[in-house]
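User: I would like to learn how to read a model one feature at a time. Please give me the general idea first, then the case at hand.

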Amino acid sequence: MMSNDSQQIVAKAWNFAHVLRDDGLSYMAYTEQITFLLFLKMADEMTRPPHNRPPIVPAEYSWESLLKREGDKLEIHYRHCLEELGKQPGMLGEIFKKARPDIQNPATLRRLIVDLIEPVKWSSMQADIKGDIYEGLLAKSAEESPKGAGQYFTPRQLIQAIVVCIQPTAADTVCDPAAGTGGFLLAAFDHVKKHQGNTLDKDQKRHLRTKFVKGWELVPNTARLCIMNLYLHGIDADPCPIRSGVDSLASDPGERFSVVLTNPPFGKKSTIAVVNEAGDLEKEDTAYERQDFWTTTKNKQLNFLQHVKTLLKVNGRCAIVVPDNVLFEGGAGETVRRRLLQQCDVHTLLRLPTGIFYAQGVKANVLFFDARHAQEKPWTKTLWVYDLRTNMHFTLKEKPLKRSDLDEFVTCYSPANRHLRQPTWSEATLEGRWRAFDYEALLKRDKINLDIFWLKDRSLEDSEDLPDPNTLAQEW
């Protein structure tokens, strides 16, 4: 939970958002402008006692340079700062890459600088408090503008449950090739701090801060939010852990990771996306021709599944959110599933309910698998499926997904020892949501269809059991 102080700062920041909303600024754009100003303020604080670090922002574009101007001079100077800082190397350039000065009203800009950001000593706050404040802003952006922030925002309750199952440690390297605002990377980082924080030596702490997370994010606007999110939670952002404006599917980066956690963008067609000079995305339909892929397809999710397999070290663990079509599509889909089951240990599938993502009606799943070394025999022995979808109804506002809704799944997953798993379904307990399917049974399914369900859908059986029409409308 967020502290009262954090909540007050988020509330104050959000009140400013409503003022800027009247000026025609979207919530996402507002969070972005806060990012620029917050970063400049914190960079300034780090040059003062007790930190006394050399400045990373050139003096002419510093926080002080903004504080001493007002009116049109402030607005013109702010625009100039963003433009010039975007040309800087390292993290500085990544945060300000293709930055636009969306606050046109100098009086509003001045209030943001003087009233919201200047009074708070951000650097003296604990990293998790700063991070809470920023995550609060990101969450509100996603809530208020689902078409903007929402598409990059995986429910944090789901992320937390996935991370508990994967159990990252300080020895891992964690990658997200579609990082969004950094939710998976941060949850992995927080998990290690919580469970190992007191036992880490100096080298492990440095690894956690500097080499533990790595991500790619195609959209520069989202990448800067991600970098700032990591930075505010205490991750060193120079060298920058996030590659911005790069299509991660375009090629094999050559690096390998022990953990991959990701929710790639939904949308069936694969397009090579190019960020043009204005910072906008231009797309063209294409299939990726890659030597490391099992098959060539235009289906973006199948390409991401092949890509994450490439990114994993031997014995690396992966959890990836995939839409239903990845589980049942023929042709390239069947090829990818067959190879994945043979070459990896595909051990768990979580069927997610509808109504939990900002994009409505999305039917998605989390696929868990471990990479293995090459061998003749298939690595997958048993796929365990947990059905959190059938007869489960969630909406973003009235009945949001809670972390406790995933407790039974996490218990069934048995993170400490997967060999101790026990099904909750049997001939005697037909309502059980947790069930095992062996490799031979999977091979016999048409096109190796992994879209597996067995529970009776009560809404099909009895129209009186249908959920409230508003709930249904939101789910679909």
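User: Is Ser414 buried or exposed?

Analyst: This is a predicted model, so read every value as computed from it. Buried means under 20% relative accessible area. Ser414 has 14%, so Ser414 is buried. Ser414 sits in the loop between H15 and strand E11 (434–438).

User: What is notable about the phi of Ser414?

Analyst: Start with the general idea. Most residues other than glycine have a negative phi. The phi of Ser414 is positive, near 55 degrees, and Ser414 is not a glycine. Asn391 is another case: its phi is about 65 degrees, again positive in a non-glycine residue. Asn391 lies in the loop between strand E10 (382–387) and helix H15 (407–413). Asn391 is buried too, with a relative accessible area of 14%.

User: Which residues does a cis peptide bond join?

Analyst: In general, most peptide bonds are trans. Here a cis bond links Pro49 and Pro50, with omega about 5 degrees. Pro50 is placed in the loop between H2 and helix H3 (63–67).

User: Now the whole fold. How many helices and strands does the protein have?

Analyst: The protein has 18 helices and eleven strands. For overall shape, set the radius of gyration against a rule for globules. The radius of gyration is 23 Å, close to the 23 Å that the globule rule gives for 476 residues, so the protein is as compact as a globular protein of that length. The C-alpha trace spans about 75 × 55 × 50 Å along its principal axes.

User: What share of the residues counts as buried?

Analyst: Of the 476 residues, 54% count as buried. The exposed area is about 21500 Å², and carbon and sulfur atoms supply 49% of it. Sequence separation of contacts is another thing to read. Take contacts between residues at least 6 apart in sequence: 75% of them join residues at least 24 apart.

User: Which residues of the largest nonpolar core touch the most other members?

Analyst: Look for the residues with many partners inside the core. In this core of 107 residues, they are Tyr30, Leu158, Leu261, Leu350 and Phe368. Helix H2 (residues 27–45) gives the largest share of the core, twelve residues. A second, separate core has 36 residues, including Val308, Leu311, Val346 and Tyr439.

User: What is Leu158 in contact with, beyond its neighbours within four places in sequence?

Analyst: Its partners are Leu350, Leu352, Ile356, Phe357, Val366, Leu401 and Leu406. Leu350 also belongs to the group that touches the most other core members.

User: How do I read a helix? What length does H7 reach?

Analyst: Compare its end-to-end reach with the span expected from its residue count. Helix H7 (residues 127–144) has 18 residues and reaches 26 Å from first C-alpha to last, close to the 26 Å expected at 1.5 Å a residue. Next, look at its buried residues. Among them are Ile133, Tyr134, Leu137 and Leu138. Lys130 and Glu135 are buried as well. The buried residues of H7 pack against helix H1 (4–22), H2, helix H8 (156–166), helix H9 (183–196) and helix H11 (220–232).

User: And H4? What covers its buried residues?

Analyst: The cover includes H2, H3, helix H5 (90–95) and helix H6 (106–117). The buried residues of H4 include Leu74, His77, Tyr78 and Cys81. Helix H4 (residues 71–85) has 15 residues and reaches 21 Å, close to the 21 Å expected at 1.5 Å a residue.

User: Where is Trp63 found?

Analyst: Trp63 is in helix H3. Its relative accessibility is 1%, so Trp63 counts as buried. Leaving out residues up to four places away in sequence, Trp63 touches Leu37, Leu40, Lys41, Asp44, Ile113, Ile117 and Glu118. Trp14 lies 49 residues from Trp63 along the chain, and their C-alpha atoms are separated by 22 Å.

User: How many disulfides does the count give?

Analyst: A disulfide is a covalent bond between the sulfur atoms of two cysteines. The count here is zero. Take Cys318 as an example. Its closest cysteine sulfur is in Cys344, 8.6 Å away, which is too far for a bond. Cys318 is buried, with a relative accessible area of 0%. Cys344 is buried as well, also with 0%.

Technical notes: Residues are numbered from 1 along each chain as its sequence is written. This is a predicted model: local features need pLDDT of at least 70, side-chain atom pairs count only at pLDDT 80 or more; totals for chains, interfaces and linings use all residues. Side-chain values use heavy atoms; hydrogens and water are left out. A nonpolar core is a set of buried Ala, Val, Leu, Ile, Met, Phe, Trp, Tyr and Cys residues joined through side-chain atoms within 4.5 Å. Buried means under 20% relative accessible area, exposed over 50%, partly exposed in between (1.4 Å probe, protein chains only). Helices (H or I, at least four residues) and strands (E, at least two) are DSSP runs, numbered from the N terminus. Contact means heavy atoms within 4.5 Å. The expected span of a helix is 1.5 Å times one less than its number of residues. A disulfide is a pair of cysteine sulfur atoms within 2.5 Å. The radius of gyration is taken over C-alpha atoms; the globule rule is 2.2 Å times the number of residues to the power 0.38. Accessible areas come from the Shrake-Rupley method with a 1.4 Å probe; for residues, only the protein chains shown count as cover.
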